[in-house]
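Reader: I am new to this structure and would like a close look at a single part of it. Please take the part slowly and explain the terms along the way.

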Amino acid sequence: MVIVASDRGLFRSTDGGERWVALVDNLPAPLEAGPLVPDPSDPERLYAGFAVTPYSELWRRAVDGAAAWRHIDMTSLLGAVALLVLVGVLSVAAVWWLWRHRRAAPIR
């Protein structure tokens with residue numbers, strides 16, 4: 001039996017590589033499998049890490065270390081700004097709603 005980790009997931013061949021079968025067929029399509037690592041206590045068991053980010057990109061980020069913040073793209077930055085604006089608007093709406101209902105409630 002041969003097992004391969006690739007950018008399309010994990011595959012197994014029981015006929016020397018003539019036919020390949022996906023080992024996990026319910027994973028999202030762009031999931032990349034990392035290196036296979038045998039279990040120290042059970043050599044028949046293999047572990048694989050999965051990531052949406054390509055494995056080579058993860059290594060590049062690890063090597064760059066502190067310089068990784070320079071690689072922030074505009075989409076990520078705009079998403080963060082949009083999230084902060086949304087949280088701000090919802091916070092103002094919640095405070096306004098509480099203030100309004102506090103004024104309308106009779107004091108006992």
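Reader: Which residue stands opposite Arg 12 in S3, and how is the sheet around this pair built?

Author: Arg 12 has Val 21 of S3 opposite. The model is a predicted one, in which local features need pLDDT of at least 70 and side-chain atom pairs count only at pLDDT 80 or more, while totals for chains, interfaces and linings use all residues. Residues are numbered from 1 along each chain as its sequence is written, and side-chain values use heavy atoms, with hydrogens and water left out.

Strands here are DSSP runs of E with at least two residues, and helices are runs of H or I with at least four, both numbered from the N terminus. Two strands pair if DSSP finds at least two bridges between them. S2 and S3 run antiparallel and are joined by two bridges. On the other side, five bridges join S1 to strand S2, residues 9-13, and this pair also runs antiparallel. The result is an open sheet of three strands in the order S1-S2-S3, with antiparallel pairing. Its edge strands are S1 (2-6) and S3 (21-22), each of which pairs on one side only.

Arg 12 also has a partner in the S1 and S2 pair: Ile 3 stands opposite Arg 12. Further along, Ser 6 stands opposite Gly 9 in S2. S1 and S2 form a hairpin, with two residues between them.

Ser 13 lies in strand S2 as well. Ser 13 counts as buried because its relative accessible area is 1%, where buried means under 20%, exposed over 50%, and partly exposed in between (1.4 Å probe, protein chains only). The side chain of Ser 13 reaches the backbone oxygen of Arg 19 at 3.1 Å. This is a polar contact, a pair of N or O atoms within 3.5 Å; within protein, one must be able to donate a hydrogen and the other to accept it, and residues adjacent in sequence count only if both atoms are side-chain atoms. Contact in the wider sense means heavy atoms within 4.5 Å. Leaving aside neighbours within four places in sequence, Ser 13 is in contact with Met 1, Val 2, Glu 18, Arg 19 and Trp 20.

Arg 19 takes part in a salt bridge too, its side chain meeting that of Asp 15 at 3.1 Å, N to O. A salt bridge is a side-chain nitrogen of Lys or Arg within 4 Å of a carboxyl oxygen of Asp or Glu. Side chains of opposite charge can pair when their charged atoms come close. Arg 19 is exposed, with a relative accessible area of 62%, whereas Asp 15 is partly exposed at 26%. A search of the whole structure finds two salt bridges. Arg 45 and Asp 42 also meet in one, at 3.9 Å, N to O. Arg 45 is partly exposed at 43% relative accessible area, and Asp 42 is partly exposed at 29%.

As for the setting, the protein chain has two helices and five strands, following the pattern β-β-β-β-β-α-α along the sequence. Of its 108 residues, 9% are buried. Among contacts between residues at least 6 apart in sequence, 17% join residues at least 24 apart.
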